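Visitor: I've just opened this one and could use a hand finding my way around. Can you walk me through it?

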Amino acid sequence: MNDFDFFAGTWDVTNRWLADFLDADSGWEEFPAVSRATRHFDGAASFDEIEFPTKGFAGMTLRLYDPEREQWSLNWASRRTGTLFPPVVGRFDAASGTGVFEGEDTYEGKAVLVRFVWSGTETGSPRWEQFFSADGAETWVHNWTMDFTRRAAGTAA
């Protein structure tokens, strides 16, 4: 249940996303962010706020561990929309340390399956990736990557 303990702290984030989340050929854009994450409920909850200064928006994620199902729900909210998006749920694989979380959502009015993948969580440079499928999981478009670098203690936020 302490799977997200690694994330507590302040991170510089390098983002890459597709111009169109459903078009793998739409071109990549890179931009910075800063994330501040905290641990709660003895490791059964994690919260972070991420700011995208060059994009003019921010978001937050609440992660909650369900001990009965032995899985996490990841709940994203955006300052742009003021709404809570549908959660993705899943777990970490103990052998690989990779977490896979999936759920249903919409993108520009189209129903999509969403997949988040956390990897490198045992390193000082974890990675988060997002994938969308508009065809019932037959194909996936990798549309967003965040590479995290932990800020040194005492570094200005």
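Visitor: How many residues of strand β5 are buried?
Guide: In this predicted model, 8 of the 8 residues in β5, which spans residues 71–78, are buried.

Visitor: Which residues sit on each side of it, then?
Guide: One side of β5 has Q71, S73, N75 and A77, while the other has W72, L74, W76 and S78. Both faces are covered, with all of these residues buried.

Visitor: OK, what about strand β4 and β5? How many bridges join them?
Guide: There are 8 bridges between β4 (residues 57–66) and β5, and the two strands run antiparallel. To pick out one pair, find L62: its bridge partner in β5 is N75.

Visitor: And what's in the hairpin between those two strands?
Guide: The β4 and β5 hairpin has 4 residues between the strands. E70 takes a positive phi there, near 55 degrees.

Visitor: How do β5 and strand β6 pair, parallel or antiparallel?
Guide: β5 and β6 (residues 83–84) pair in the antiparallel sense, over 2 bridges. S78 has T83 as its bridge partner in β6. The hairpin of β5 and β6 has 4 residues between the strands, and G82 has a positive phi near 70 degrees.

Visitor: What about β5 and β7, how many bridges there?
Guide: That antiparallel pairing has 3 bridges. To see where the strands meet, look at S73, which stands opposite V89 in β7.

Visitor: Let's change topic. How many aromatic pairs are there?
Guide: The count is 27 aromatic pairs. One of them is F4 with F92, an edge-to-face pair with the centres 5.2 Å apart and 75 degrees between the planes.

Visitor: Where are those two along the chain?
Guide: F4 is in the segment before β1 (9–18), and F92 is in strand β7, residues 88–92. The pair links distant parts of the chain, with 88 residues from one to the other.

Visitor: Are F4 and F92 buried or exposed?
Guide: Both F4 and F92 are buried.

Visitor: Which residues do ring pairs link into a cluster with F4?
Guide: Along with F4, the cluster holds F6, F7, W11, Y65, W72, F92, F101, W118 and F148. You've met W72 already, as one of the buried residues of β5.

Visitor: What lies over the face of F31?
Guide: K55 does, at 5.0 Å from the ring centre. Another ring to look at is F57, where R80 lies over the face at 3.8 Å from the ring centre.

Visitor: On to β11. How many bridges join it to β1?
Guide: β1 and β11 run antiparallel and are joined by 7 bridges. T14, for instance, has D147 as its bridge partner in β11.

Visitor: And how many join β10 to β11?
Guide: 6 bridges, again with the strands running antiparallel. In that pairing, W128 stands opposite M146 in β11.

Visitor: One last spot: where is A137?
Guide: A137 is in the loop between β10 (127–133) and β11 (141–150).

Visitor: Why does A137 count as partly exposed?
Guide: Because its relative accessibility is 35%, and partly exposed covers what falls between the 20% and 50% cut-offs.

Visitor: How far apart are the C-alpha atoms of A137 and A94?
Guide: Those C-alpha atoms are separated by 24 Å, and the two residues are 43 residues apart along the chain.

How values were computed: Residues numbered from 1 in each chain as written. Predicted model: local features only at pLDDT ≥ 70, side-chain atom pairs only at ≥ 80, totals over all residues. Heavy atoms only, no water. Buried < 20%, exposed > 50% of the residue type's maximum accessible area, 1.4 Å probe, protein only. Phe/Tyr/Trp six-rings, centres within 6.5 Å; stacked < 30°, edge-to-face > 60°. Lys NZ or Arg CZ within 6 Å of the ring centre and 35° of its normal. Pairing = 2+ DSSP bridges.
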